[in-house]
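Me: Got a structure I'd like to walk through with you. Can I throw some questions at you once it's on screen?

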Amino acid sequence: MTAATLFDDPNFDDARRAPDRSVTFVHTADWQLGMTRHFLPPEAQALFTADRLGAIERIGDVAATAGAEFVVVCGDVFEDHRVSSRIVTQALDRLRDFPVPVYLLPGNHDPYDAASIYRSEVFTKRCPDNVVVLSTPGAHEVADGIDLVVAPWSTKSPTSDLVADQVSRLPGTDRIRIVLGHGGTDELSPSSGPAIVAVPPLDRALADEVLDFVALGDRHSVTKLGTTGRIWYSGAHEVTNFDNVETGSGEVLVVSLARGSRRTVEVAQHPVGRWRFRSMTVDVNGTDDVEALSSRLDEIPDKSTTVVRLGLVGTLSIADHTALSELLDAAADRFAAVVRWDACDDLRVVADPGDVDGLGLRGYAAEAAGELVSRANAADDAESRAARDALALLGRLAGGGDR
């Protein structure tokens with residue numbers, strides 16, 4: 001279902017505007033349904049996909065509890081136009097159960113172009129009546145005295161600020177106007193591309209009461225912009241990146257606006273996501289540090305929906321490195337995934353003849369281990385690393401990690 005534009009409606013009557021208006025709605029974006037994460041094993045990826053769909057149901061619950069009149073999804077509902085029919089169908093089934101209309105804005109991942117997912121047979125046939133694709137730029141009346149001013153992407157490479165293109169056309173009004181846009185902003189992005197959304201003109205339009213709220217998508221962290229408290233990114237509804245990059249994801253915004261005798265705005269964050277991508281840097285320089293890491297991992301809740309990225313720094317013996325490797329192998333089975341953080345990883349393994357003696361090797365195996373110790377301390381980094389890895393594996397096979 002596609003909404004109609006008001007800009008060219010000759011029957012639009014300014015006299016119908018009433019002085020007092022209020023509305024509550026849910027602002028969300030960047031669902032990117034069908035997203036995969038390369039570091040997740042197949043079982044965890046399946047759970048991640050299911051939970052991203054499940055979060056949609058929780059958004060419906062938030063809308064019902066908050067008394068929202070509608071839900072807006074500001075771009076990137078789907079990962080791309082190649083999303084499976086199963087993902088599309090299951091998303092639409094969940095949206096069908098929403099108690100209010102849902103407005104979908106095409107973004108850079110799912111633009112309304114010739115190959116758009118919104119034009120696909122599976123979407124058009126299974127789209128419920130309460131779901132509206134905002135494919136036509138302009139102002140769309142969604143309730144008496146309330147307009148959505150929308151700036152959909154029709155290509156992956158816009159040649160202008162799509163939001164400014166719409167806002168610059170707007171006259172003054174007594175109607176509540178909510179702008180829906182998608183993309184990076186000049187306040188946050190170092191890029192100077194033509195599609196970057198300019199924040200200062202939006203701030204002025206909000207201060208002049210030409211607009212009441214600007215709901216944006218593209219940034220996966222909940223973020224307030226400008227000076228009016230009325231320009232927001234909702235962030236993604238479920239985490240997509242590690243917590244050193246993405247903050248406040250897994251939430252939606254409930255926005256309440258009023259204008260007339262009093263002009264107010266209230267924005268509240270509501271959690272709907274279940275996953276966490278945690279980054280940790282840890283110093284490991286001996287047995288005590290390995291055991292402390294074990295305790296720290298034990299304390300993390302919800303392991304099946306948590307990905308841990310570890311940056312390990314320090315120096316370990318072969319025996320301690322063997323214990324660490326066994327700890328990480330066990331953690332990989334407990335968590336959704338455990339991955340090494342290469343950019344923050346500087347772990348060295350020091351080999352000496354005493355490590356070999358502790359392995360209890362005899363004959364040829366002992367001679368091979370001695371040769372590996374010599375190579376592990378070689379000047380060639382690649383050779384040294386390979387030898388240390390081989391010693392660690394040998395230690396594990398020999399039971400050197402038993403404590």
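Me: Let's start with the helix that packs on strands. At about what angle does helix α5 run to β10?
Reply: Keep in mind that this is a predicted model. Helix α5, residues 199-207, lies across β8 (213-217), β9 and β10 (231-233). Taking β10 as the reference, the helix runs at about 130 degrees.

Me: Which strands stand at the edges of the sheet?
Reply: The sheet is open and mixed, with 6 strands in the order β5-β6-β7-β8-β10-β9. Two of these strands have a single partner each, so one side of each is left without a neighbour in the sheet. Those are β5 (138-143) and β9 (223-225).

Me: And how much does the sheet twist from one strand to the next?
Reply: Going along the order β5-β6-β7-β8-β10-β9, you'd look at each step between strands. The twist averages 25 degrees.

Me: What is the bridge partner of isoleucine 146 in β7?
Reply: Isoleucine 146 sits in β6, which covers residues 146-150. That strand runs parallel to β7 (residues 176-182), and 5 bridges join them. The partner in β7 is isoleucine 176.

Me: Over to the second largest pocket: which strand gives the largest share of its lining?
Reply: This pocket holds about 180 Å³ of space. Its lining has 15 residues, with Val239, Gly248, Ser249, Trp275 and Arg276 nearest the centre, and domain 1 (21-271) and domain 2 (276-400) each supply at least three. The largest share is 3 residues, from strand β13.

Me: How many of the lining residues are charged?
Reply: Split the lining of the second largest pocket by type and you get 4 nonpolar and 5 polar residues. The charged ones number 6.

Methods: Residues are numbered from 1 along each chain as its sequence is written. This is a predicted model: local features need pLDDT of at least 70, side-chain atom pairs count only at pLDDT 80 or more; totals for chains, interfaces and linings use all residues. Side-chain values use heavy atoms; hydrogens and water are left out. Two strands pair if DSSP finds at least two bridges between them. Helices (H or I, at least four residues) and strands (E, at least two) are DSSP runs, numbered from the N terminus. Axes are lines fitted to C-alpha atoms, for helices over the stretch in contact, and angles run from 0 to 180 degrees between N-to-C directions. Contact means heavy atoms within 4.5 Å. On a 1 Å grid over the protein atoms alone, a cavity is a set of points where a 1.4 Å probe fits but cannot get out, and a pocket is an open set with protein on both sides within 12 Å along at least five of seven lines; lining residues have an atom within 4 Å of a point. Grid points are joined across faces, edges and corners, and a volume is the space filled by probe spheres set on the points. Ala, Val, Leu, Ile, Met, Phe, Trp, Tyr, Cys and Pro count as nonpolar, Asp, Glu, Lys and Arg as charged, and the others, Gly among them, as polar. Domain bounds come from an automatic or database domain assignment.
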